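Hi,

Here is the structure I promised to pass on. Have a look at it first, and then read my notes below.

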Amino acid sequence: MGPHVISSTFLSYLCFAFVFSVVHVHASNGWLNAHATFYGANQSPSTLGGACGYDDTFHAGFGVNTAAVSTMLFRDGEVCGACYQLMCDYRADPKWCLISRSVTVTATNFCPPNNHGGWCDPPYHHFDMSMPAFLRIARQGNEGIVPVLYRRVACKRRGGVRFTLKGQSNFNMVMVSNVGGSGDVKGVWIRGSRSGAWLPMHRNWGANWQSSADLRNQRLSFKITLVDGKTLLFLNVVPSTWTFGQTFSSKTQFF
């Protein structure tokens, strides 16, 4: 069987400035303090790929539970694909928080600072969540902001890592998605079937990686290293008949 071919934005958020002289982000049993809002109610969650470059979060393997994260968490796009478990801090806000509820979201977008004391400004830790994810932990009708507790968790994905081929001629750009394990990619290498050498790719933006090699009409293999140091090889995951715009799913996954 050959590789399986899969057919082939952050909206303004409600953030009001609550200015504190000191921001406390402390850990308790591995949980950290943050705050959360949600994307516009009329926006399709599938389009919330934004600054990470995921055109469709369902196509990327992430589903509806996604979030844009603030500057302190985004790390210039390195966090794209990482997973966080969030629960509303019921003790701090019993009116709007649902007790003992949690949701795991994937970071797929950037919540930009407005430099006027907004919640996405440094040094705040903030999640601007899709509405379905937000309503898993907070009550319907809350149009503002809630305190949350969060922690990094391993990403559990269905199927293998996916590679979407973009670019043209000698400019190859590959979007890497549906990554399990820590989820956040540190480095990517590409190898054509006629070249033999692993060529380092460079992060173009978000989950998109680029190289200047012309690898058309070659089988493609990839090597990926995550931020936690785990490395996997994806050999001949793309056939020599590939064209730009196609997505190929591997049979290999990080756990």
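How many nonpolar, polar and charged residues are in the lining of the largest cavity? Before the answer, one caution: this is a predicted model, so please read everything below in that light.

**The cavity**

The count comes to 8 nonpolar, 6 polar and 2 charged residues. The volume of this largest cavity is about 80 Å³. Of the 16 residues that line it, those nearest its centre are Tyr54, Cys80, Val176, Val185 and Ala207. Tyr54 also turns up in the next part, as one of the residues with the most contacts inside the largest nonpolar core.

**Two cores**

That largest core has 32 residues, and alongside Tyr54 the ones with the most contacts inside it are Tyr84, Leu86, Val105, Phe127 and Met129. At least two residues of this core come from each of these strands: S3 (31-38), S4 (66-69), S5 (83-88), S6 (102-110), S7 (126-129) and S8 (146-153). Helices H1 (71-74) and H2 (131-134) each supply at least two as well. Apart from this core lies another, of 23 residues, with Val179, Val188, Phe222 and Leu226 among them. As background, nonpolar side chains tend to be buried together in soluble globular proteins.

If you want a residue to click on in the larger core, try Tyr84. Setting aside neighbours within four places in sequence, Tyr84 is in contact with Leu73, Val79, Val103, Thr104, Val105, Ala107 and Phe127. Its contacts also include Tyr150, Arg151, Arg152 and Val153.

**Strand pairs around S8**

S8 pairs with S3 in the antiparallel sense, through 5 bridges, and Ala34 stands opposite Val148 there. S8 also pairs with S5, again antiparallel, over 6 bridges. In that pairing Cys83 sits opposite Val153.

Leu32, in strand S3, shows how sequence and space can part ways: Leu32 and Arg151 are 119 residues apart in sequence, while their C-alpha atoms are 6.3 Å apart. Is Leu32 buried or exposed? Neither, quite: its relative accessible area is 24%, so Leu32 counts as partly exposed.

**The second half of my notes: S10 to S16**

There is an open sheet of 4 strands, in the order S12-S11-S15-S16, with antiparallel pairing. Why is one side of S12 and of S16 left without a neighbour in the sheet? Strands S12 (199-200) and S16 (231-238) stand at the edges, and each has a single partner strand, so one side of each stays free of a neighbour in the sheet. Inside the sheet, 7 bridges join S11 to S15 (residues 220-226), running antiparallel. One pair to look up is Gly187, whose bridge partner in S15 is Thr225.

Val188 is in strand S11 and is buried, with a relative accessible area of 1%. Leaving out residues up to four places away in sequence, Val188 touches Val176, Leu199, Pro200, Met201, Trp209, Phe222, Lys223 and Ile224. Trp209 is 21 residues away from Val188 along the chain, and the C-alpha atoms of the two are separated by 7.3 Å.

Trp209 belongs to another pairing too. Strand S14 (residues 208-211) is joined to S10 by 4 bridges, antiparallel, and Val174 stands opposite Trp209. S14 is also joined to S13 (residues 202-205) by 3 bridges, antiparallel as well, with Trp205 opposite Asn208. S13 and S14 form a hairpin with 2 residues between the strands, where Gly206 takes a positive phi near 55°.

**Backbone spots to check**

Which residues other than glycine have a positive phi? Arg75 has one, near 50°, and Asn178 has one, near 55°. Arg75 is in the loop between H1 and S5 and is partly exposed, at 32% relative accessible area. Asn178 is in the loop between S10 (171-177) and S11 (185-192), but counts as buried, at 1% relative accessibility.

Finally, the peptide bond from Pro122 to Pro123 is cis, with omega near 5°. Pro123 has its place in the loop between S6 and S7.

Happy to go through any of this with you on screen.

Cheers

Notes:
Residues are numbered from 1 along each chain as its sequence is written. This is a predicted model: local features need pLDDT of at least 70, side-chain atom pairs count only at pLDDT 80 or more; totals for chains, interfaces and linings use all residues. Side-chain values use heavy atoms; hydrogens and water are left out. A nonpolar core is a set of buried Ala, Val, Leu, Ile, Met, Phe, Trp, Tyr and Cys residues joined through side-chain atoms within 4.5 Å. Buried means under 20% relative accessible area, exposed over 50%, partly exposed in between (1.4 Å probe, protein chains only). Contact means heavy atoms within 4.5 Å. Two strands pair if DSSP finds at least two bridges between them. On a 1 Å grid over the protein atoms alone, a cavity is a set of points where a 1.4 Å probe fits but cannot get out, and a pocket is an open set with protein on both sides within 12 Å along at least five of seven lines; lining residues have an atom within 4 Å of a point. Grid points are joined across faces, edges and corners, and a volume is the space filled by probe spheres set on the points. Ala, Val, Leu, Ile, Met, Phe, Trp, Tyr, Cys and Pro count as nonpolar, Asp, Glu, Lys and Arg as charged, and the others, Gly among them, as polar.
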